[in-house]
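Biologist: I am new to this one. Could you show me the sequence and the structure, and then take my questions in turn?

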Amino acid sequence: IVKIISAGTAKIQEIVSYDKQPSKGYPLVTVCMDESENDFNSNAMNMRVYIFRIMIYDQLSNNVDINTWNSAVERAEANLSDIVTEILGVLDTNYTLNSIVDYVEATPSRWGYLETDKGFCRTAEILLRTHKEYRVI
């Protein structure tokens, strides 16, 4: 997932498959396994769903000056909107993740703010549900 997203996006400074502090700067994207489901289809087949949480972070400012804060928020909003659009476009185009899964569903679910030891970040989260039919017999 990391390779597929990084190949199709331009604004991301760093993308990793675990939660971490950025070493290459912002925007940072993390892709982490969140949960899984297993649905019974028949005696021979089950549908497995692996859900990944894609988190996008863009740093704001430690400065509480209203002018600096407002311009940082405006920049972060534009960056996150572009990155979310790029990621969803990549997943719409490569909906089998290079034939690893049967199909994916990507849903932007939450936008928020996060305080880190380096200041505040604007965040966006995409839940990626990957579906794979699994032969039991």
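**Strands, helices and loops**

Biologist: In which sense do β3 and β5 pair, and over how many bridges?
Modeller: Strands are DSSP runs of E, at least two residues long, and helices are runs of H or I, at least four; both are numbered from the N terminus. Two strands pair if DSSP finds at least two bridges between them. For β3 and β5 the sense is antiparallel, and the count of bridges is 15.

Biologist: What kind of model is this?
Modeller: Residues are numbered from 1 along each chain as its sequence is written, and side-chain values use heavy atoms, with hydrogens and water left out. Local features need pLDDT of at least 70, side-chain atom pairs count only at pLDDT 80 or more, and totals for chains, interfaces and linings use all residues; the model is predicted.

Biologist: What pattern does the protein chain follow along the sequence?
Modeller: The parts are two helices and five strands. Read along the sequence, they give α-β-β-β-α-β-β.

Biologist: What is the order of the strands in the sheet?
Modeller: The sheet is open, has five strands and shows mixed pairing. β1 (14-16) and β4 (103-116) each have a single partner strand, so both stand at the edges, with one side left without a neighbour in the sheet. From one strand to the next, the twist averages 20°. The order is β1-β2-β3-β5-β4.

Biologist: Do β1 and β2 run parallel or antiparallel?
Modeller: Strands of a sheet pair through backbone hydrogen bonds, in either sense. In this pair, E14 has L28 of β2 as its bridge partner. Three bridges join β1 to β2, and the two run parallel.

Biologist: How many bridges join β2 to β3?
Modeller: β2 covers residues 28-40 and β3 covers residues 45-59. T30 stands opposite M55 in β3, and D39 stands opposite M47. The two strands run antiparallel, and the number of bridges is twelve.

Biologist: How many residues lie between β4 and β5 in their hairpin?
Modeller: 13 bridges join β4 to β5, which run antiparallel. P108 stands opposite I126 in β5. In the hairpin, the number of residues between the strands is two.

Biologist: At what angle does α2 run to β3?
Modeller: Helix α2 spans residues 66-93 and lies across β3, β4 and β5 (119-135). Axes are lines fitted to C-alpha atoms, for helices over the stretch in contact, and angles run from 0 to 180 degrees between N-to-C directions. Contact means heavy atoms within 4.5 Å. The angle to β3 is about 155°.

Biologist: Which residues does Y113 touch, leaving aside those up to four places away in sequence?
Modeller: Y113 sits in strand β4. L80 is 33 residues away in sequence, and the two C-alpha atoms are 12 Å apart. Y113 touches L60, V73, E77, C121, R122 and T123.

Biologist: How does Y113 count by its relative accessibility?
Modeller: Buried means under 20% relative accessible area and exposed means over 50%, with partly exposed in between (1.4 Å probe, protein chains only). The relative accessibility of Y113 is 48%, so Y113 counts as partly exposed.

Biologist: Is L97 buried or exposed, and what about S99?
Modeller: L97 lies in the loop between α2 and β4, and S99 is found in that loop too. Most residues other than glycine have a negative phi. Yet phi is positive at L97, near 50°, and at S99, about 70°. With relative accessible areas of 4% and 62%, L97 is buried and S99 is exposed.

Biologist: Which residue does a cis peptide bond join to Y26?
Modeller: Most peptide bonds are trans. Here omega is about 0° in the bond after Y26. The partner lies in the loop between β1 and β2. That partner is P27.

Biologist: What share of the contacts with a separation of 6 or more comes from residues 24 or more positions apart?
Modeller: The protein chain has 137 residues, and 40% are buried. Its C-alpha atoms fill a box of roughly 65 × 25 × 25 Å, taken along the principal axes. Residues 24 or more positions apart account for a share of 57%.
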